[in-house]
Amino acid sequence: MPEPLVLIIDDEESMRDACAQILLKNKYRIEAAGDGASGLQKIRDLRPDAVIVDLKMPGTSGFEVLENLRLFDPQIAAIVITGYATVDSAVEAMKKGAYDFLPKPFTPEELRLILARALERRRLALEADALRREKKLLEENIITMVSHQLRSPLVAIQQYFEVILAGIAGDTAEKPKEMIRRARERLDALLNLINDWLDLARIDKGKLVGKLEPLNLRSLLEKLIEFMNPLAKEFGVSLEWAGAPGPTAEAFGDKETLEQVFSNLISNAIKYNKPQGRVGISLREDPDCLVVEIQDTGIGISQEHLPLIFDQFFQISRGESKKMKGSGLGLAIAKKIVEAHNGQIEVSSTPGTGSTFTVRLPKAPPAGATD
Ligand code: ADP
């Protein structure tokens with residue numbers, strides 16, 4: 001580490017020299033400036049560790065220097081010297097970020113002590129900043145790291161199970177086979193959870209939602225209705241447009257993640273439905289957005305649970321079968337994706353009657369308005 005660089009800004013040459021003389025005895029590198037403007041210039045160019053500045057100078061005053069120096073280095077150690085030490089000016093200088101105040105005349109010892117203390121505070125603050133940055137980086141990466149490392153061995157186990165179940169490794173009796181089938185189901189659920197978790201981490205880092213483009217929501221929903229009909233049949237539920245399919249006006253969105261949102265909402269509407277229940281999809285155009293509603297005639301959500309429904313890991317325990325068990329992250333992910341589109345997602349529900357999830361998405365800007 002090089003010795004700390006100290007910049008002295010004072011219009012009086014004798015004062016600059018006196019400070020320099022005092023400080024040169026310690027291990028400092030010294031620079032000096034004769035006015036506020038050239039002082040700021042030197043702060044910008046030389047990035048000193050500490051600044052000793054006279055409050056009263058012609059032109060750019062010491063206060064102005066104080067106001068601006070933090071733009072270059074928020075942790076700079078600033079010490080103010082002045083001949084007219086009043087409580088008011090001291091308070092004002094401190095408010096503007098000075099570490100300490102040195103009224104003239106001062107002894108060499110006073111100057112050395114105050115500077116050493118200010119530099120020590122700067123060292124600690126810089127250390128704390130570095131630790132904070134490191135912690136943030138760790139937090140940002142930990143989920144991604146851990147989940148990737150969990151995923152690989154699980155995928156390998158999944159493949160072994162497939163090989164055993166397909167009989168490729170030789171015959172397996174029905175009982176162990178059944179156990180492996182159950183183990184595979186648990187493994188699938190675990191992998192789904194890890195994938196959801198990774199999605200959340202990517203959204204939090206602003207990485208999941210791709211480029212927003214004009215998008216035909218009606219055809220996206222049409223395909224999902226078709227694609228998800230087998231699941232609906234499995235649950236004995238109908239899945240169709242509620243009324244006419246809706247306008248063809250384009251939304252402004254990322255196809256892949258919006259498909260994820262709607263398939264999640266539709267699969268919830270199917271899973272949490274009743275036998276012979278219905279899921280109706282509608283799309284309409286409002287003046288400034290497109291509105292999709294997914295309405296089900298299912299078990300509904302109680303008033304007390306409604307505010308929690310978009311929270312991570314929130315699940316309502318209703319003794320549901322394994323088939324319905326998810327990660328409790330689906331709606332949290334859906335909300336983050338919709339919000340990354342500058343859209344909104346809402347829910348209304350009547351227990352025993354059904355729920356409606358409403359998603360509002362911005363319309364595509366007129367052609368030529370984007371590059
Ligand atoms: P999960 O993976 O458990 O489905 P979600 O985040 O998608 O997680 O949903 C959270 C909880 O909200 C679910 O466990 C369920 O209890 C409730 N829920 C979601 N959608 C509906 C719905 N259409 N009808 C009733 N309950 C719902």
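This is a short chat about two sheets, and the helices lying across them, in a predicted model.

Reader: Hi! Which order do the strands take in the sheet with parallel pairing?
Author: That open sheet of five strands runs β2-β1-β3-β4-β5.

Reader: And which strands stand at its edges?
Author: β2 (29-33) and β5 do; each has a single partner strand, so one side of each has no neighbour in the sheet. From one strand to the next, the twist averages 20°.

Reader: Nice. How many bridges pair β1 with β2?
Author: Five, with β1 covering residues 5-9. Ile-9 sits opposite Ala-33 of β2.

Reader: What lies across β1, β2 and β3?
Author: Helix α2 (residues 36-46), at about 165° to β1. Helix α3 (residues 62-72) lies across β1, β3 and β4, at about 160° to β3.

Reader: Back to β5 for a sec: is Asp-100 buried or exposed?
Author: Asp-100, which is in strand β5, is buried because its relative accessible area is 16%, under the 20% cut-off. Its contacts beyond four places in sequence include Ile-79, Met-94 and Arg-117.

Reader: Changing topic, what is the pairing in the sheet that holds β7?
Author: Mixed; this open sheet has five strands in the order β7-β9-β10-β12-β11. β7 (238-241) and β11 (344-350) are the edge strands.

Reader: How do β9 and β10 run?
Author: Antiparallel, joined by seven bridges. Glu-285 has Leu-290 in β10 as its bridge partner.

Reader: Last one: which helix lies across β7, β9, β10, β11 and β12?
Author: That's α8 (residues 255-271), running at about 25° to β10.

Terms used
Residues are numbered from 1 along each chain as its sequence is written. This is a predicted model: local features need pLDDT of at least 70, side-chain atom pairs count only at pLDDT 80 or more; totals for chains, interfaces and linings use all residues. Side-chain values use heavy atoms; hydrogens and water are left out. Two strands pair if DSSP finds at least two bridges between them. Helices (H or I, at least four residues) and strands (E, at least two) are DSSP runs, numbered from the N terminus. Contact means heavy atoms within 4.5 Å. Axes are lines fitted to C-alpha atoms, for helices over the stretch in contact, and angles run from 0 to 180 degrees between N-to-C directions. Buried means under 20% relative accessible area, exposed over 50%, partly exposed in between (1.4 Å probe, protein chains only).
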